[in-house]
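Please open the structure in a viewer and keep the selection panel at hand. The tour below proceeds by selections.

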Amino acid sequence: MRTDTGRTIHLADYRPTDFVLERVDLTFELDPTETKVEARLIFHRREGADLNAPLVLDGDELNMTGLLFDQIEMAPERYTETADSLTIRDLPESVPFEITVTTLINPEANTQLMGLYRSNGIYCTQCEAEGFRRITFFPDRPDVLAVYTVNIIADKDANPLLLSNGNFLGGAGYGPGKHFAAWFDPHPKPSYLFALVAGDLGVVEDTFVTMSEREVALKIYVEHGKEARAAYAMDALKRSMKWDEEVFGREYDLDIFMIVAVSDFNMGAMENKGLNIFNDKYVLADPETATDQDYANIEAIIAHEYFHNWTGNRITCRDWFQLCLKEGLTVYRDHEFSADQRSRAVKRIAEVRHLRSEQFPEDAGPLAHPVRPTKFREINNFYTTTVYEKGSEVTRMIATILGRDGFKKGMDLYFERHDGEAATVEDFVKSFEDANGRDLTQFSLWYHQAGTPQITVSSTYDAGAKTLSLSLEQMVPATPGQTAKEPMHIPLKFALIGENGSEASPAAVSGGEVTGDVLHLTERSQTFVFTGIGARPVVSLNRSFSAPVTLHFAQSKEDLAHIARHDSDLFARWQAITDLALPNLMAAAKAAAAGKAIECDAGLSDALLAIAADETLEAAFRAQALALPSESDIARELGSNNDPDAIYKGRQAILSAIATAGADTFRSLYDSLASGGSFTPDAASAGRRALRNAALGFLALSDKSPAGAAQAFAKADNMTDLAQALTVLAHRFPEAPETHAALAAFESRFASNALVLDKWFAIQATIPGEGSLERVMRLMQNPHFAASNPNRVRSLIGTFAFANATGFNRPDGKAYHFFAEEILAIDKRNPQLAARLLTALRSWRLLEPVRAEQAREALMTIERAAPQLSSDVADIVERILK
Ligand code: PHE
Ligand code: ZN
């Protein structure tokens, strides 16, 4: 395990390396416990660099068995080896030289899944961010780009497949029982994009003909017997390749593109050049085992990793502070792809739901950081929703400000200027400025200021003058290390909606810049005056969620209902429904906390039921409306002193009232939406299933017996319906014999399918209420529980901590203490996984005092375990407690 060095890295300290790496030749002799790695590195001193500067290479847990300088053993006085570096002195002033390092590494013992490790008998690598240094001594930073040749030697029977980046050069036998393969990647790349895979896998093959008529071989490698489950991923890959050509003009650049699915992986997937490695959760799908959400995730992540080939690989990051340069941009690209493949409005609603439930709390808590941070202690902890999702929103705002064509021009210039380089956020922004002649200085604050901007809005209509005044005031809250904030440039899409939904077009506007349907808020407070408005319109603001902000706009119920009914922007309609529901849910939580009766506004249930039954609306949209704000949405609105039990109780009471009022609607929806035909994973069919399953949830709320849900479980002919029926049974009737029978049937039917068992664990981990902790502890004793598999740990412990507010936040604090113990245990084998799970406690200060104190004590037990903590966990726990 890596122990904490306690060192903080600052963006301001960036400087280029003293040595330029020209070429890398790697030879791996694979062995489960003793793999030999020979790295031949050709360097020359950078022009202008200090002539006495030594070469400093990074290392982590390496056993160095040889070191040559220009093929001759290096004298011991010329180098110094420490736990994390190799320093070599007395190097040539200008001529190139060759360093050959030999290391021994142990893939089998690599439980942190960084560097070279084995998963189910498959050798694979994970090098982002700083994993390559666990393979050999190397200048392991993203601004060191080189061309790689890779030779792999391994037992032929156990490892018929030997893969690395780039194009296949050749292979042959290599002594008794062994063989080798050589790969060459002509595109200079940083070490974090290196990959190697070896083992025995099945393959699905296809081809793609690029826009310039080149044929690319496509291969997806999965465990034998699972080939059929990779068909959807292959389809998504081909659609992604086509889309990137059509929308961004980007063509693939090697003869072969490979994806390998592995079952032990810390993250979702990794964009290694030409050889993406995936968590198999985001590759494998068929109707029997995957839900509609799984299909949508696979489509998005296949696209995301493929799109990195240009935004990340061809143009990479100068340093890790620039992470959003590849991640925010690539998330934006995958969001646009999914929006084009599916329903744009429904996709946007799902994105905003995710942003609000994950990124907003991060931005409002102790882990808040700018999209482009300026310091970090552990880079692994900066793969955050702020860098990814808020980073994507920032890119989206550039597109909103510049318009479709302006955005395209800026992207084209970025590709033209920086292809083959390691770039910065400034380079990116400058491409848009130069291509459009627009100053984005103020806009760039979005990269530098953390915190979700809060905008207070009011409007007044003057019938005599026929003017509408819209006053806006922005405030960016203080965040760690940033107390005073500058006003930001916030692009707000808007419409002035008249009677019957017609949109008023003002004669003129003063008070600030308005371009088309975008209002540019740039001052701390600003009043826009629209003239020539004949009747009082309803203001629809931040349509399509054009800016990632929170609006405080006290609109009347009538105005919200008007938007919900008439806005031509479906996102805005959904937002209006949410804004109608939230006050009701908050009042319900407060009533529950005070032991008072909970009332559901009849207007709310009427509005929801009208939408549920409105066949002119797409089914997926109706399902989103029926989902209502989540418990965490309500907690966020309430702000502080949160009691998760009261929030849950209040929300359930509102749901029950809607269920009662809408019993007939839900019954007829459930019956009329029955699938009938064979399963297809397309968005429209998925939407119908989502609506039908939402109806099932409401029906179960009024049901006194589990019979209906049990029947839904028995009849389900796809995983979406099956998992939903099981969830409804488990949540609504946790102790019913029908529920136990269904859980047992599900477990035995899918006993050999790890990804489906993950769902089984997750469904039980979310059962609310008092017995939750005991249930989770019991499930850890289940023979299927595997502490070594990150997906399994996340599905049980992660789901419990992140998605079971009442169970996790029990007032006696027992679940927090259990969690702290688990974090310490997980940290010993996999620090990244432990640190990520630990962020579940990031909002502890917003809990009511009794729970908050328990959470703090649990966090302290983790902190007290230093110095045994990894830098990953030490960094998170200290920031959360600060
Ligand atoms: N770069 C990966 C992606 O977002 C994520 C990742 C980061 C994977 C670090 C592994 C390790 O596409
Ligand atoms: Zn990414």
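The stops that follow begin at the N-terminal strands and finish at the helices.

**Before starting**

This is a predicted model, in which local features need pLDDT of at least 70 and side-chain atom pairs count only at pLDDT 80 or more, while totals for chains, interfaces and linings use all residues. Residues are numbered from 1 along each chain as its sequence is written, and chains are lettered from A and ligands numbered from 1 in the order in which they are written. Helices (H or I, at least four residues) and strands (E, at least two) are DSSP runs, numbered from the N terminus. Two strands pair if DSSP finds at least two bridges between them.

**Stop 1: strands 2, 12 and 15**

Select residues 19–29 and 146–155. These are strand 2 and strand 12, which run parallel and are joined by seven bridges. Within strand 12, Asn151 stands opposite Thr27.

Now add residues 178–189, which form strand 15; nine bridges join strand 15 to strand 12, and the two run antiparallel. Thr149 has Phe184 of strand 15 as its bridge partner.

**Stop 2: a three-stranded sheet**

Select strands 4, 8 and 7, which form an open sheet in the order 4-8-7 with antiparallel pairing. Strand 4 (55–58) and strand 7 (79–81) are the edge strands, each pairing on one side only. From one strand to the next, the twist averages 10° (axes are lines fitted to C-alpha atoms, and angles run from 0 to 180 degrees between N-to-C directions). Four bridges connect strand 4 with strand 8 (residues 85–88), and Leu55 stands opposite Ile88 of strand 8.

**Stop 3: a five-stranded sheet**

Next, display strands 17, 18, 19, 21 and 20. They make an open sheet in the order 17-18-19-21-20, with mixed pairing. Its edge strands, each pairing on one side only, are strand 17 (202–209) and strand 20. Strand 18 (residues 215–222) pairs with strand 19 (residues 256–262) in the parallel sense over five bridges. Ile220 has Ile259 in strand 19 as its bridge partner.

In the loop between strand 17 and strand 18, select Glu213. Although Glu213 is not a glycine, its phi is positive, at about 65°. Most residues other than glycine have a negative phi, and most peptide bonds are trans.

**Stop 4: the surroundings of ligand 1**

Which residues surround ligand 1? The shell consists of Gln126, Glu128, Ala129, Met267, Ala269, Met270, Glu271, His304, Glu305, His308, Glu327 and Tyr383 (a residue is near a molecule if its C-beta atom, placed from the backbone, lies within 6 Å of it). Strand 20 (269–270) and helix 2 (292–307) are the elements that give two or more residues to this shell. By class, the shell holds five nonpolar, three polar and four charged residues. Here Ala, Val, Leu, Ile, Met, Phe, Trp, Tyr, Cys and Pro count as nonpolar, Asp, Glu, Lys and Arg as charged, and the others, Gly among them, as polar.

Within the shell, centre the view on the peptide bond from Glu128 to Ala129, which is cis with omega near -5°. Ala129 lies in the loop between strand 11 (122–126) and strand 12.

**Stop 5: residues 451–553**

UniProt lists residues 451–553, in an unreviewed entry, as "domain: Peptidase M1 alanyl aminopeptidase Ig-like fold". UniProt positions are given in the numbering used here, feature names are shortened, and annotations may be inferred rather than shown by experiment. The span is 0% helix and 49% strand, with its end C-alpha atoms 19 Å apart.

Select strand 25 (residues 454–462) and strand 33 (residues 550–553), which run parallel and are joined by four bridges. Val457 stands opposite Phe553 in strand 33. Strand 25 is also joined to strand 26 (residues 467–475), by nine bridges in the antiparallel sense. Four residues separate the strands of this hairpin, where Lys466 takes a positive phi near 55°.

**Stop 6: helices 13 and 15**

Select residues 644–661 and 683–702. The axes of these two helices, 13 and 15, come within 8 Å and cross at roughly 95°. That makes helix 13 roughly perpendicular to helix 15 (65 to 115 degrees).

Key: Parallel < 35°, antiparallel > 145°, perpendicular 65-115°, else oblique.
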